[in-house]
Each structure stands twice: as structure tokens, then as C-alpha cells.
Amino acid sequence: MSNLQLPPGRYGFDEVATGDRIHTPKRLVTASDIDAFASQFGDRFEIHMDDAAARNHGFPGRVAHGLLVLSLVDGLKNQSGAQFRAIASLGWDWSFRRPVFVGDELGAMIEIMEKRKVTKPDRGILTLAFSVSNQRGEIVQDGSNKLLVYR
């Protein structure tokens with residue numbers, strides 16, 4: 001087991017160890033992000049679209065869609081200096097821990113939790129643990145992703 005922060009590069013299954021980590025870049029969540037997500041996917045629940053409505057539900061302002069944040073995190077993973085030689089995502093197990101608001105800056109720490117060989121000799125599955133935090137260091141989302149990668 002490693003606890004290595006992976007340097008920039010593209011990594012296959014055989015080049016990483018459990019415990020290896022990637023820290024993603026950070027990204028500011030904007031009202032435009034929320035508006036575009038709502039427009040594209042039709043989720044216009046009032047806490048996402050209106051500050052006053054969000055305050056009526058006990059939030060200080062508009063709340064970003066949980067799935068928007070997950071999508072942003074997957075994008076940040078793919079913008080990191082260290083990346084996996086991925087083939088496909090095989091699934092997510094994900095939790096929304098705290099609300100994300102307009103103006104929050106998010107980043108993620110990704111750790112390789114498990115490696116599993118598969119029948120095709122040129123591939124393997126990595127189980128990645130994600131911890132997503134805001135600018136205050138609060139965990140806002142976390143979970144895992146199974147990623148099929150080249151060896």
C-alpha cells in the first residue's frame with residue numbers, strides 16, 4: 001500500500017498502488033453553472049433556482065444540484081495533472097453530505113482503494129475513493145467510483 005501523491009502523468013493499472021492519491025484542481029461554482037444544469041436537464045426545483053425560495057427552506061441562498069457537483073468533480077478528475085488511462089466508468093456509490101452554494105470553491109482528493117484484475121489481460125478495475133471539499137475544508141460529497149483502465 002502506498003500513500004503517494006501521483007505526479008503529473010497518465011497511469012495504467014500496473015503503474016499505481018492502493019493508497020496512491022490525486023488532488024484535483026479547484027473550481028468555483030457559479031449561478032451560471034446552476035442555470036445551465038437546470039436548463040439542460042430540467043431540474044428546476046426551487047432551491048436551485050431562487051435565493052428567496054432556498055432561504056424559505058433554511059438555506060442561505062441557492063443550492064447547487066447534487067448531480068451537478070458530481071459532474072463537476074468527474075470533470076476535475078479529468079483535468080488533473082495525474083490521470084488514469086481510463087476506458088469507462090463502471091458505476092458510482094455517492095453521498096451528498098452538505099449543500100454546495102454559489103461561490104463555493106470545490107476540489108477533490110481521490111485515493112485508489114482497490115485494484116482488481118479482470119479476464120482481459122490488458123485491463124483492470126480501480127476503485128477510487130473521492131472526498132470533495134469546499135473552501136472551508138468541509139466535506140460536501142464523497143463516495144467511490146469503479147473505473148475500468150488499461151494496464
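**Exercise 1. The hairpin of S6 and S7**

Task: Find how many residues join strand S6 to strand S7 in their hairpin, and in what sense the two strands pair.

Solution. Start with the connection: five residues link S6 to S7 in a hairpin. Helices (H or I, at least four residues) and strands (E, at least two) are DSSP runs, numbered from the N terminus. Next, look at the pairing, for which DSSP must find at least two bridges between two strands. S6 and S7 pair in the antiparallel sense, over 10 bridges. As a landmark, Lys115 stands opposite Leu126 in S7.

Before going on, a word about the model: it is predicted, so local features need pLDDT of at least 70 and side-chain atom pairs count only at pLDDT 80 or more, while totals for chains, interfaces and linings use all residues. Residues are numbered from 1 along each chain as its sequence is written, and side-chain values use heavy atoms, with hydrogens and water left out.

**Exercise 2. On to S8**

Task: Work out how many bridges join S7 and S8, and which residue in their hairpin takes a positive phi.

Solution. S7 and S8 pair in the antiparallel sense over 11 bridges. One bridge to look for is that of Phe130, whose partner in S8 is Gly143. Now move to the turn: this hairpin has five residues between the strands, and Gly137 takes a positive phi near 80° there. Finally, check how covered S7 is: eight of its 11 residues are buried. Here buried means under 20% relative accessible area, exposed over 50%, and partly exposed in between (1.4 Å probe, protein chains only).

**Exercise 3. Helix H4 and the core**

Task: Compare the reach of helix H4 with its expected span, then find which element gives the largest share of the largest nonpolar core.

Solution. Helix H4 covers residues 66–79, 14 residues in total, and reaches 20 Å from its first C-alpha to its last, close to the 20 Å expected at 1.5 Å a residue. The expected span is 1.5 Å times one less than the number of residues. Among the buried residues of H4 are Leu68, Val69, Leu72, Val73 and Leu76. It helps to remember that an α-helix has 3.6 residues a turn, so residues three or four places apart point the same way.

Now the core. A nonpolar core is a set of buried Ala, Val, Leu, Ile, Met, Phe, Trp, Tyr and Cys residues joined through side-chain atoms within 4.5 Å. The largest one has 29 residues, and Phe84, Leu126 and Leu128 have the most contacts inside it. Helix H1 (31–41), H4, strand S4 (82–84), S6, S7 and S8 each supply at least two of its residues. H4 gives the largest share, five residues. To see the surroundings of Phe84, note that it touches, among others, Leu6, Tyr11, Ile112, Leu126 and Leu147, not counting residues up to four places away in sequence. Contact means heavy atoms within 4.5 Å.

**Exercise 4. Charged pairs**

Task: Which residues are linked with Asp104 in a network of salt bridges?

Solution. A salt bridge is a side-chain nitrogen of Lys or Arg within 4 Å of a carboxyl oxygen of Asp or Glu. The structure holds 10 of them. Begin with Arg136 and Asp104, whose closest N and O atoms are 3.8 Å apart. Arg136 lies in the loop between S7 and S8 and Asp104 in the loop between S5 and S6, so the pair ties together parts 32 residues apart in sequence. Add Glu138, which forms a salt bridge with Arg98 at 3.4 Å between the closest N and O atoms. The network thus links Arg98, Asp104, Arg136 and Glu138.

**Exercise 5. Two buried charged residues**

Task: Are Asp104 and Arg62 buried or exposed, and what polar contact does each side chain make?

Solution. Asp104 counts as buried because its relative accessibility is 4%. Its side chain makes a polar contact with the side chain of Gln135 at 3.1 Å. A polar contact is a pair of N or O atoms within 3.5 Å; within protein, one must be able to donate a hydrogen and the other to accept it, and residues adjacent in sequence count only if both atoms are side-chain atoms. Arg62 sits in the loop between helix H3 (51–56) and H4, and is buried with a relative accessible area of 10%. A polar atom of the Arg62 side chain lies 2.7 Å from the backbone oxygen of His48.
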